[in-house]
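Let's take a walk through this model together, one piece at a time. Keep the structure open beside the text and follow along.

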Amino acid sequence: MGPSHYYALLLALVFAVAAGLVGSFAFMKRMLLASDVISHLALPGLGIAFLLKINPVVGGAASLFLGAFLIWRLQRQTGLSSDTMIGVVFAAALAIGAAVTPNADLLEALFGASKELSLPGFILGSTAAGLVIFFVVRLKNQLVLTVFSPELAAATGVPVSRLDLYFLFLFSLTVLVGLRFTGALLGSALLIVPAATAHQLTSKLSQFAAISCLVSVFSVSAGWLFNAFVSRSTTPGPTIVIVSGLLFGLSLLKRG
Amino acid sequence: MGNPVLSVSNLCVSFGSRTVIRGLSFKLQQGDCLAVIGPNGAGKSVLLKALLHLVPSPNEIQGEIRWSENSRLGYVPQRVAADRQLPLRVKDLLEAKARFLGLPATDVSLVASETRLTTELVDTRIGVLSGGQLQKVLIAFALLGDPNVLLFDEPTASLDELSEERVYESLHSLQKDRRFTVILVSHDLSVVYRYANMVLCLSKVRTCMGAPKEILTPQLLEELYSAPAKYYQHVQEHGSG
């Protein structure tokens, strides 16, 4: 493995910490399924970027953030339920993405790729993941109050609606950093599964976020190594997600 | 009489074409305990939310709500539909509010002892609390930040009679100790008689305000609730007791 492979692995580990942290709050906000849809919002942008031969990250970022903002606005203005939003957005994003993505690139868009990573790409990705970690830690108290009761949080002075938008953006940024490893289809798996595993293991808030991060980091490390030395597939995404799924299965034994 | 703690003038709240509160004006002084009564749908909870600036769109509120500059508000809602699966203990919640408001960590233990939350209860996950325990936690939550005005939206709606009695007794002793101004939405007229010095009656037909014994006449109650006068007599017995 050359330095570019190490950059990719290091970025995957920083992404894992951010995903574990954001996922723990997404779990408490009961937006895990909705957040699964958010990762699919990247697909149309990725497809258009492949089509126009521009950097896929730019295309993915554009459609991800635009889509996240539209969901936030639509939910505020129409009062549609999360179920409805999930149904509509999931179908539309997947259909547009599949229609515009060239066949040769579809697999990479859906499941990610284990490509080498340049130093600037590593710095950009790590900065984005670092920003996510910084802001989630900074907004932690406001998020806890909102998770308990949006109404009480607002009465305490928390800007609830703005906080929802910030969180949606932090979530989208995390998905964006992870896109290269997991692709649009598995994009939010590392935000969902480690948090669900941590919930099986603790009822304390401080331990919950920490365990979620640990499970996420272990899944990335083990999945990456397994892919590099055993399965040698083009992308580590599926093995990473399989490891996290296995850890969730093991966590069920504790409560079972 | 000093400056009012709260001054409401010509308040109108509507949702779409439906007007819930129309042209409401009143003032409250420090230490007042105002009970807001009225039938379901009269706008009692909406009034509290408007006073707390929690009504969603500013277009839906007209008129003026002015709190005195040194007002610090605490709010106890009717109920909180907290997710039973939340990995959140009472302590986590109280500490999150204390840290958000920049309060010292000792304030959490102070309100916990003031509201008689045991160490065991403070360490309990919120999802497994009983209705009465959760209500005590909500009162402790409201008291963090040293409020001088407390707003209660039917704080005992989901409690049995004994728990209800305990909640009101502890509220009353807190109010005496700290000279809170209290705004209380309640369906229970015996509570109104015992603890309130002012009553605001809201209904679609009329709005009125005054001391409980002056304005809670059998005629008014019948008009408000379309209830027979015997309901009033029963309440009077409670009130005088």
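In this predicted model, a good place to begin is a pair of helices in chain A: α7(A), spanning residues 119-138, and α10(A), spanning residues 160-182. Their axes come within 10 Å of one another and cross at roughly 150°. Angles over 145 degrees count as roughly antiparallel, so α7(A) is roughly antiparallel to α10(A). The crossing of these two helices is left-handed.

Which residues bring α7(A) and α10(A) together? On the α7(A) side you will find A:G125, A:A128, A:A129, A:V132, A:F135 and A:V136, and they meet A:L170, A:L173, A:T174 and A:V177 of α10(A). By class, this contact has 8 nonpolar residues, 2 polar ones and no charged ones.

Now let's move to the place where the chains meet. Here 20 residues of chain A are in contact with 19 residues of chain B. On the side of chain A that touches chain B, three helices each supply at least two residues: α8 (140-148), α9 (150-156) and α12 (205-231). Which of the elements gives the most to this side of chain A? It is α8(A), with 6 residues. Taken by class, the side of chain A that touches chain B consists of 10 nonpolar, 7 polar and 3 charged residues.

Stay with α8(A) for a moment and look across at chain B. There, α8(A) packs against helix α2(B), residues 90-100, at an angle of about 130°, and the two axes are 9 Å apart. That angle makes α8(A) oblique to α2(B), and the crossing is left-handed. From α8(A), the residues making the contact are A:N141, A:Q142, A:V144, A:L145 and A:F148. From α2(B), they are B:D92, B:L93, B:A96, B:K97, B:R99 and B:F100. Sorted by class, the residues of this contact divide into 6 nonpolar, 2 polar and 3 charged.

With the meeting place of the chains in view, we can turn to chain B itself. Chain B has 10 helices and 9 strands, and 37% of its 241 residues count as buried. Among its contacts between residues at least 6 apart in sequence, 69% join residues at least 24 apart.

Three of the strands of chain B form an open sheet, in the order β2-β1-β4, with antiparallel pairing. The edge strands are β2 (18-28) and β4 (61-67), each of which pairs on one side only. From one strand to the next, the twist averages 15°. Looking closer at β1(B), residues 6-15, you can find 7 bridges joining this strand to β2(B), and the two run antiparallel. For B:L11, the bridge partner in β2(B) is B:L24.

Another strand worth a stop is β5(B), residues 73-76, which is covered on both faces. On one side are B:L73 and B:Y75, on the other are B:G74 and B:V76, and all of these are buried. How does β5(B) run relative to β6(B), parallel or antiparallel? The two strands run parallel, and 4 bridges join β5(B) to β6(B), residues 149-153. Within this pair, B:L73 stands opposite B:V149 of β6(B).

The helices of chain B also deserve a look. Helix α1(B), residues 44-51, is mostly covered, with 6 of its 8 residues buried. These buried residues are B:K44, B:V46, B:L47, B:L48, B:K49 and B:A50. After α1(B) comes B:H53, which has a positive phi, near 60°.

Our last stop is a single residue, B:V122, which lies in helix α4(B), residues 119-122. Is B:V122 buried or partly exposed? A residue counts as buried if 20 or more other C-beta atoms lie within 10 Å of its own; B:V122 has 19 such atoms within 10 Å, so B:V122 is partly exposed. Leaving aside residues up to four places away in sequence, B:V122 touches B:V90, B:K91, B:A112 and B:L117. You can also look from B:V122 to B:V137: these two are 15 residues apart in sequence, and their C-alpha atoms are 8.5 Å apart in space.

Key
Residues numbered from 1 in each chain as written. Chains lettered and ligands numbered in written order. Predicted model: local features only at pLDDT ≥ 70, side-chain atom pairs only at ≥ 80, totals over all residues. Pairing = 2+ DSSP bridges. Axes fitted to C-alpha atoms, helices over the stretch in contact; angles between N-to-C directions. Buried ≥ 20, exposed ≤ 12 C-beta atoms within 10 Å, placed from the backbone. Contact = placed C-beta atoms within 7 Å. Nonpolar A, V, L, I, M, F, W, Y, C, P; charged D, E, K, R; others polar. Parallel < 35°, antiparallel > 145°, perpendicular 65-115°, else oblique. Left-handed = near helix turned anticlockwise from the far one by under 90°.
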